[in-house]
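Got your viewer open? Let's take a short walk through this model, one selection at a time.

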Amino acid sequence: MAAREFWKRHENLYFALTNKKVLIGISIFTLMILLAIFGPALTPYSYDEFAGEGYLPPSKDHLFGTTLMGKDVFTRTVYGLRSTFAVGFIAGTIATLIGCIIGFLAGYYGKWIDEALMMITNIFLVFPLLALLIILAAYLPYRGIMTISIIVGMTAWPWTARAVRSQTLSIKNQGYVNLSRISGISVFRILREDIAANMFSYVFMVYILQFSGTILAAVGLEFLGLGPTQGVSLGLVMQNAVNWNAIQLGLWWWAILPGLVLTILVVSLYFINTGLDEVFNPRLREM
Amino acid sequence: MANQKQDSIMSIQNLTKVFKSGLFKPEVTVAVKDVSFEMRPGTILSLVGESGSGKTTIGKLILKLLQPTGGKILYKGKDITAIKDKEGLKEYYRRVQAIFQDPFSSFNPLYRVDRVFDMVFKSFLNEDNKEEKIYKALESVNLNPERILNKFPHQLSGGQLQRLLIARALLLDVDILVADELISMLDASTRIGVLNLLVELCKKNGMSVLFITHDLNLGYYVSDYTLIMYKGRLVERGSTRKVYENPIHPYTKMLFNSVPDIGKMWDRSKEFLPEQVVHDVRKFYKENQGRGFEEVEEEHGVLFSDTY
Ligand SMILES: Nc1ncnc2c1ncn2[C@@H]1O[C@H](COP(=O)(O)OP(=O)(O)OP(=O)(O)O)[C@@H](O)[C@H]1O
Ligand SMILES: [Mg+2]
């Protein structure tokens, strides 16, 4: 009885945990996290060390093979995965936070606040960010993962702001908000119980999208040579591979395997997101 | 009756609401324009008009859920736009309440339906015998409390949710009740019960009801006064008997003509064509150019032209 009561209260959790897409997504995502955490302990090499002969295809000693100069690709990939998670987490959080705050203020207060904030958002949306990033990168000769994350996070928020704004607008105009108002409920309680609570699932999905979006944006930067100057990341591994013409030289493992890991990570987030969409949207759930 | 006429509890004066959106490409909707009427204790005022004519907007303006663009709303002689502080608002909502049009969106999906009662008890009522009072209110709208309380909104039907909102409003002994499409989702037998309850409360407690509806027969059945809205304008206003017996504005005439009579064949010639109405109204306004809203007899006014 108690268990039934629990699932009744946490219906969404129940649907989430019985949704195939969510389950698949979460499993893969968890595997990736475990790989990032324990991977470096599993390999005897360090990521910048010349671990053996160059040009070695995948084998027992070198799971993902070695690079032209003999660095271990698996080691570089798992360390890179760590940085990638860090970027997703930091940049995704920054972008989601800024986007939510701006979108919420614009949607809730409307009028000139809305006009002003949306103007800023639209400017950011159409501004040639790449140019900005190139200039920024040029002025920051030493760039760590943190710097990259902040740059990516600060530029990834506009679409979130727009999405959150329209979500806030639609919730604000719901009858239950009006009913709370005429029931003499404090503005703070309305914000918390009627608006924020109903936006939670939406913001959660936005966060997942930002997580994968910022990861890809960071990889893009790294690919252009604007990545971190210290450490290693998935984008950097792949950029090196491309710079050294790995594919043409027959070192497919150098470029393809890190790329595969990245793809699997992003796909797992996509699965979680579409699954959750069905969970939070009862109309999709019924099918 | 003559005495009641003087002490209006709420006075709507030249009320106007314009919705604007977009800074660079402004889109303007005139939802309500220059509407005036009085609400008196112990009377039901029905507000009739087609979809989009501004009925709900008037209700929301009265409830301070929207700010008027022009005009005034006086409650007991005081302008309600002056009410801004928390205590003042609470005081106002203690006396001015509503039942909203859409029962589905009136409940926060994350909470049990009991929340609507909890809120009014916390803000306005003495919590003694809370449960007993809720039970009584639910039973008066034909709901079985055991089967309704503790449920989530999506587990109840539209009619049940609507009756919950009615029960909520009944708990508060209010001066003014805005009832927006109050019984749209109820079946015939519950309808009569709820309507009779409303009339009884109104007469007994001296409540003033703004009864918003599409349904002319319903309006006739419950209301003392009738307001007819057309495209944001109040086109005819008066005691229900006078307006129904002697409609003057072409839109009002069309409304009465297009009500099908039970037992008679549907007369196609009476079918109502929107373009025809627009044309008739335009012609009427042109013929009466220079005239505005005029009283044609005691307690019966008509808008003769919208360009005065
Ligand atoms: N928040 C809003 N922003 C912009 N336009 C609005 C808003 N609310 C209402 N309107 C417009 O104002 C007009 C009047 O709307 P209102 O809801 O008052 O109509 P109504 O008479 O209640 O209609 P119905 O019978 O369908 O409920 C409509 O044209 C509507 O589109
Ligand atoms: Mg309406």
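Keep in mind as you click around that this is a predicted model. Start in chain A with helices α3(A) and α4(A), and look at how they cross: the crossing is left-handed. To get both on screen, select residues 20-42 of chain A for α3 and residues 73-109 of chain A for α4. Their axes come within 8 Å and cross at roughly 120°.

Now show side chains where the two helices meet. On the α3(A) side, pick F29(A), M32(A), I33(A), L35(A), A36(A), I37(A), G39(A) and P40(A). Across from them, α4(A) brings F74(A), V78(A), Y79(A), L81(A), R82(A) and F85(A). Colour this contact by class and you get 12 nonpolar residues, one polar and one charged.

Stay in chain A and hop to D114(A), which sits in helix α5, residues 111-126. Is D114(A) buried or exposed? It counts as buried, because its relative accessibility is 11% and the cut-off for buried is under 20%. Beyond its neighbours within four places in sequence, D114(A) touches A106(A) and R165(A).

Last stop: chain B. Select the magnesium ion, ligand 2, and look for its two protein donors, OG1 of T56(B) and OE1 of Q101(B), at 1.8 to 2.4 Å. These two residues are 45 apart and link distant parts of the chain. T56(B) is in helix α2 (residues 55-62), while Q101(B) lies in the loop between β6 (96-99) and α4 (115-124) of chain B. Switch on a surface for a final look: T56(B) is partly exposed at 26% relative accessible area, and Q101(B) is partly exposed at 34%.

Note on methods. Residues numbered from 1 in each chain as written. Chains lettered and ligands numbered in written order. Predicted model: local features only at pLDDT ≥ 70, side-chain atom pairs only at ≥ 80, totals over all residues. Heavy atoms only, no water. Axes fitted to C-alpha atoms, helices over the stretch in contact; angles between N-to-C directions. Helix = DSSP H or I, 4+ residues; strand = E, 2+ residues; numbered from the N terminus. Left-handed = near helix turned anticlockwise from the far one by under 90°. Contact = heavy atoms within 4.5 Å. Nonpolar A, V, L, I, M, F, W, Y, C, P; charged D, E, K, R; others polar. Donors = N, O, S within 2.8 Å, 3.2 Å for Na, K, Ca; no water. Buried < 20%, exposed > 50% of the residue type's maximum accessible area, 1.4 Å probe, protein only.
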